[in-house]
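Please read the following walk through one protein model with the sequence and the coordinates at hand. The text goes from single contacts to the whole chain.

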Amino acid sequence: MRLTRWTWAAAPAVAVLTAAAVAAAATGADGGTTAPGIVDAGPLTRWALPLSRTVADVAAVATVGALVLAAVLLPGPRRLAPAQGRAMLWASAAAGVWATASVAVAVLTLSDLSARPVADVLEPAVLLDFVTTDARGTAHALTAATAVLLATFGPGVTTAGWARFWLLAALAGLLPPAFTGHAAGSAGHDAAVVSLAVHLVGVTLWVGGLVFLLPVVARRHPDAAVAVRRFSVLAGAALVAVGAGGVVGAVIRLPGWDALFTSAYGRLVLVKTAVLVLLGLAGAWHRRRTLAAVGTGSGAGAFVRLAAGELLLMAVAMGLAVGLARTPPPSSAAEALSPAGELLGFPMGSPGHRCSRSGTSTPSSPSARRRPGWRTRSASAGCARGAITGPWAGPCPGSSGSPSRF
């Protein structure tokens, strides 16, 4: 039993370190390359951004997992049992880490977009401008606000109804960043965003539920058998959701089968697919071998050891997901982009600016001209939102004379 307890206690910590290492390697945080003419934000941002995203993702998974244990897996009356109350405390603590990491991600994202060191963007006016006027800043702020509310009010939850409410709130807090990544800028916008949302929810429920199921089984909790059976159903649905969401996202972003082998994005998709297949096989082994044994108490050790291995695989997948989010898909998978659009990652014809007859890009509102915020510090970020002006050789790239939907 000592080995079993050590296993479930150490597995989450090892999983976090594994995810962080994989994220750093997948994003090329060792330096990478910078496009000619674009100022780099510095090594701190290159290293800290993928790592802080990994910490935020792991904390979000832990938050949701603890809430799943309290609200879904453990049976109980209307009022929470002691084990469920402890799970709520774990959820609140993880939410505090999630909120802190989300704030760090917002600051580092601003540093990355504006190509300025972190110390230069830590100005209240610049941060407020980023949070209130840029979709990415707003998304991270909403996520952080959700986590702060859960960390504040979670310890006082005493009923199953409120536990389920905060579970839904935490799942909703995962989604805002999904609307501002590659999915939001891809050609099949609606399908990409929906598939990513389904993928995120499935992964979080699956991984988080397993993390907090481990101590329940390892300690031979009286309700362990019930919790394992309930989680088995949840994990099966999550596997389908994760696989379907990943397939839809890959089809939208990749121009063809050959891109799976010829692009960095495609190769990361292949590795993630292999990890998902291994996880599916582990789940099938659980159903055939360990689930029935958990009810008798004899299969607790086997379940925990196999689940700890699953957690390591899940950590690898989460680290690869961070790398995938930082890797642009092949440009031909969407619409053809201008040279400026290739640097930015999306077409230039955004509703943030308009083109004059003289071919000059001008801000669409007086407030955009007055605002000295973060966008004016970076040509690439500024052009993307129409906050700087300058002569173009012709009409604005990607502009058709009418505002874009996105």
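Which side chain meets that of Glu123 in a salt bridge? The partner is Arg116, with an N to O distance of 3.7 Å. The model is a predicted one, and the distances and areas in this text are computed from it. Side chains of opposite charge can pair when their charged atoms come close. The two partners here differ in their cover: Glu123 is partly exposed because its relative accessible area is 33%, while Arg116 is buried because its value is 8%.

The count of salt bridges comes to 2. Another salt bridge joins Arg136 to Asp134, and there the closest N and O atoms are 3.1 Å apart. Asp134 has a relative accessibility of 1%, so this residue counts as buried.

Between the residues of these two pairs runs a helix whose sides can be told apart by burial. Helix α5 covers residues 124-133, and its buried residues are Val126, Asp129 and Phe130. Why can these residues be said to line one face of α5? Seen down the helix axis, they fall within an arc of 95°, so they line one face. Pro124, Ala125, Leu128 and Thr132 are exposed on the other side of α5. The cover over the buried residues of α5 includes α3, α4 and α6, the last of these being residues 135-153.

Two of those covering helices, α3 and α4, are also the ends of a loop that holds Ala115. The loop lies between α3 (82-114) and α4 (118-121). Ala115 has a phi near 55°, which is a positive value in a residue other than glycine. Is Ala115 buried or exposed? Its relative accessibility is 12%, and because buried means under 20%, Ala115 counts as buried.

A positive phi also occurs at Arg220, where the angle is near 55° and the residue is again other than glycine. Arg220 sits in the loop between α9 (189-218) and α10 (224-253). With 44% relative accessibility, Arg220 counts as partly exposed. The two residues thus share a loop setting and a positive phi, but Ala115 is buried and Arg220 is partly exposed.

Next come the aromatic side chains. How many aromatic pairs does a search of the whole structure find? The search finds 2. In one of them, Trp162 and Phe165 are arranged edge-to-face, with 5.2 Å from centre to centre and 80° between the planes. Both residues belong to helix α7 (residues 160-174) and are 3 residues apart, about one turn of the helix. Phe165 also forms an edge-to-face pair with Trp166, at 5.2 Å centre to centre and with 75° between the planes. Ring pairs thus link Trp162, Phe165 and Trp166 into a cluster. Within this cluster Phe165 is partly exposed, at a relative accessible area of 42%, whereas Trp166 is buried, at 10%.

Helix α7 also contains Ala160. This alanine is buried, because its relative accessible area is 9%, under the 20% limit for a buried residue. Which residues does Ala160 touch, not counting those up to four places away in sequence? They are Pro77, Arg78 and Leu80. The C-alpha atoms of Ala160 and Ala81 are separated by 9.3 Å, although the two residues are 79 positions apart along the chain.

On the surface, Val277, Leu278 and Leu281 make a nonpolar patch of about 280 Å². Leu281 lies in helix α12, which spans residues 264-296. The relative accessible area of Leu281 is 53%, and because exposed means over 50%, this leucine counts as exposed.

The last step is the protein as a whole. It has 16 helices and 3 strands. Of its 406 residues, 47% are buried. Among contacts with a separation of 6 or more, 75% are between residues 24 or more positions apart. The protein exposes about 19100 Å², and carbon and sulfur atoms supply 67% of that area.

Technical notes
Residues numbered from 1 in each chain as written. Predicted model: local features only at pLDDT ≥ 70, side-chain atom pairs only at ≥ 80, totals over all residues. Heavy atoms only, no water. Helix = DSSP H or I, 4+ residues; strand = E, 2+ residues; numbered from the N terminus. Buried < 20%, exposed > 50% of the residue type's maximum accessible area, 1.4 Å probe, protein only. Patch = residues over 30% accessible without salt bridge, like charges linked within 9 Å, V, L, I, M, F, W, Y side chains within 5 Å. Areas by Shrake-Rupley, 256 points an atom, 1.4 Å probe, with all protein chains shown as cover. Salt bridge = Lys/Arg side-chain N within 4 Å of Asp/Glu carboxyl O. Phe/Tyr/Trp six-rings, centres within 6.5 Å; stacked < 30°, edge-to-face > 60°. Arc of directions from axis to C-beta. Contact = heavy atoms within 4.5 Å.
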